[in-house]
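Got your viewer open? Load the model shown here and keep the selection box handy. We'll go from one residue out to the whole chain and back again.

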Amino acid sequence: MSKDKLPKNFQKMQKNHPDFMTAVGNLGKVVRDAGPLDEKTINLLQMAAAAALRMEGAVHSHARRAMSAGATEEEVRHALIVLTSTIGFPAVAAATSWVNDLED
């Protein structure tokens with residue numbers, strides 16, 4: 001995603017707290033590099049966690065990143081619907097609608 005398309009709050013946090021945002025970015029890199037999971041799997045996991053927490057922007061971001069890392073739309077949708085018995089249908093339906101936003 002280009003810098004001008006990042007959420008405004010994220011851009012403002014980068015401007016107001018650059019050291020903090022650098023540290024958050026570094027933490028993300030360190031945990032990604034800490035084990036054997038590939039980028040696609042990591043983003044599908046993070047998307048699932050975001051869905052469970054009902055974090056619309058994070059679902060958008062991680063679905064987009066998972067697809068950029070090679071996930072198909074079918075894999076993204078499957079990663080969400082398998083959550084139904086864990087987080088419930090309403091949360092899955094909401095997360096699925098947020099993924100649908102990426103098509104619009």
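**Stop one: valine 76**

Select valine 76 and, ignoring neighbours within four places in sequence, you'll find contacts to Leu44, Met47, Ala63, Ala66, Met67, Ala71 and Val99, where contact means heavy atoms within 4.5 Å. Before you click further: this is a predicted model, in which local features need pLDDT of at least 70 and side-chain atom pairs count only at pLDDT 80 or more, while totals for chains, interfaces and linings use all residues. Residues are numbered from 1 along each chain as its sequence is written, and side-chain values use heavy atoms, with hydrogens and water left out.

**Stop two: the core around it**

Now add Leu44, Met47, Val59, Leu80 and Val99 to Val76: of the 19 residues in the largest nonpolar core, these touch the most other members. Such a core is a set of buried Ala, Val, Leu, Ile, Met, Phe, Trp, Tyr and Cys residues joined through side-chain atoms within 4.5 Å. Buried is under 20% relative accessible area, exposed is over 50%, and partly exposed lies in between (1.4 Å probe, protein chains only). Colour helix H3 (39-52), helix H4 (56-68), helix H5 (73-81) and helix H7 (89-101), the elements that give two or more residues to this core.

**Stop three: zoom out**

Switch to cartoon and you get 7 helices and 0 strands, in the order α-α-α-α-α-α-α. Both are DSSP runs numbered from the N terminus (helices H or I, at least four residues; strands E, at least two). The C-alpha atoms fill a box of roughly 40 × 30 × 25 Å along the principal axes. How does the radius of gyration agree with a compact globule? For 104 residues such a globule would be near 13 Å, and the protein has 14 Å, which agrees; the radius is taken over C-alpha atoms, and the rule is 2.2 Å times the number of residues to the power 0.38. Buried residues make up 26% of the 104. Of the contacts with a separation of 6 or more, 51% come from residues 24 or more positions apart.

**Stop four: leucine 83**

Select leucine 83, in the loop between H5 and helix H6 (84-87). Leucine 83 is buried, at 14% relative accessible area. Leaving out neighbours within four places in sequence, leucine 83 contacts Ala48, Ala51, Gly88 and Val92. Draw a distance to alanine 52, 31 residues away along the chain: the C-alpha atoms are 8.2 Å apart.

**Stop five: arginine 54**

Arginine 54 sits in the loop between H3 and H4. Check its phi: near 60 degrees, a positive value in a residue other than glycine. Most residues other than glycine have a negative phi. Arginine 54 counts as partly exposed, at 47% relative accessibility.

**Last stop: phenylalanine 20**

Finish in helix H2 (residues 18-33), home of phenylalanine 20. Its relative accessible area is 47%, so phenylalanine 20 is partly exposed. The C-alpha atoms of phenylalanine 20 and lysine 40 are separated by 26 Å, with their positions 20 residues apart along the chain.
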